[in-house]
Amino acid sequence: MITPILSVNDIDVTEFLSVLDSCEGRVFLITHEGDKLNLKSRLSQLVGLTRLIEGGKITNAQIICENREDESKMFRLNLLGRTKTA
């Protein structure tokens, strides 16, 4: 079952890719045109993220995670801007 859409804003690309690599299920990026890109694919990452990156940060994106734990990781990244504890 696919969980609801999560909006992410102003996310560091390196940290985002690190969290994405740790995800167990599929993670999708929804473009403004309505395209759904599977971010577990490196090609889709390049296509999708290059359109959203501004100054080394993801400016605005809609994300769908199949796995609830993956959604929690993305939510923490969006909320805290990082996933590692200080």
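## Charged pairs and a buried glutamine

The side chains of Gln45 and Arg42 are joined by a polar contact of 2.9 Å. Keep in mind as you look around that this is a predicted model. That contact is a handy place to start, since both residues lead on to other parts of the chain.

Let's stay with Gln45 for a moment. This residue sits in helix 2. Is Gln45 buried or exposed? With a relative accessibility of 7%, Gln45 counts as buried, because buried means under 20% relative accessible area. A polar atom of its side chain also lies 2.7 Å from the backbone oxygen of Leu39. Leaving aside residues up to four places away in sequence, Gln45 touches Leu17, Leu20, Leu39 and Thr50. Leu39 therefore turns up twice around Gln45, as a residue it touches and as the owner of that backbone oxygen.

Now to the charged pairs. Side chains of opposite charge can pair when their charged atoms come close. How many salt bridges does a search of the whole structure find? The search finds two, and here they are with their closest N and O atoms:

| Acidic residue | Basic residue | Closest N and O atoms |
|---|---|---|
| Asp21 | Arg42 | 3.1 Å |
| Glu66 | Arg26 | 2.7 Å |

Take the pair of Asp21 and Arg42, whose closest N and O atoms are 3.1 Å apart. Asp21 belongs to helix 1 (residues 13–22) and Arg42 to helix 2 (residues 42–50), so this salt bridge ties together parts that are 21 residues apart in sequence. Asp21 is partly exposed, at a relative accessible area of 46%. Arg42 thus has two partners here, because it forms the salt bridge with Asp21 and also makes the polar contact with Gln45.

The other salt bridge joins Glu66 and Arg26, with 2.7 Å between the closest N and O atoms. What does this pair tie together? Glu66 is in the loop between strand 5 (57–65) and helix 3 (68–80), while Arg26 is in the loop between helix 1 and strand 2 (27–30), so the pair links parts that are 40 residues apart in sequence. The side chains of Glu66 and Arg26 are also listed as a polar contact, again at 2.7 Å. Both partners are partly exposed: Glu66 has a relative accessible area of 26%, and Arg26 has one of 40%.

One more distance helps to place Glu66. Between Glu66 and Cys23 there are 9.7 Å in space, C-alpha to C-alpha, although they are 43 residues apart in sequence.

Definitions and conventions. Residues are numbered from 1 along each chain as its sequence is written. This is a predicted model: local features need pLDDT of at least 70, side-chain atom pairs count only at pLDDT 80 or more; totals for chains, interfaces and linings use all residues. Side-chain values use heavy atoms; hydrogens and water are left out. A salt bridge is a side-chain nitrogen of Lys or Arg within 4 Å of a carboxyl oxygen of Asp or Glu. Helices (H or I, at least four residues) and strands (E, at least two) are DSSP runs, numbered from the N terminus. Buried means under 20% relative accessible area, exposed over 50%, partly exposed in between (1.4 Å probe, protein chains only). A polar contact is a pair of N or O atoms within 3.5 Å; within protein, one must be able to donate a hydrogen and the other to accept it, and residues adjacent in sequence count only if both atoms are side-chain atoms. Contact means heavy atoms within 4.5 Å.
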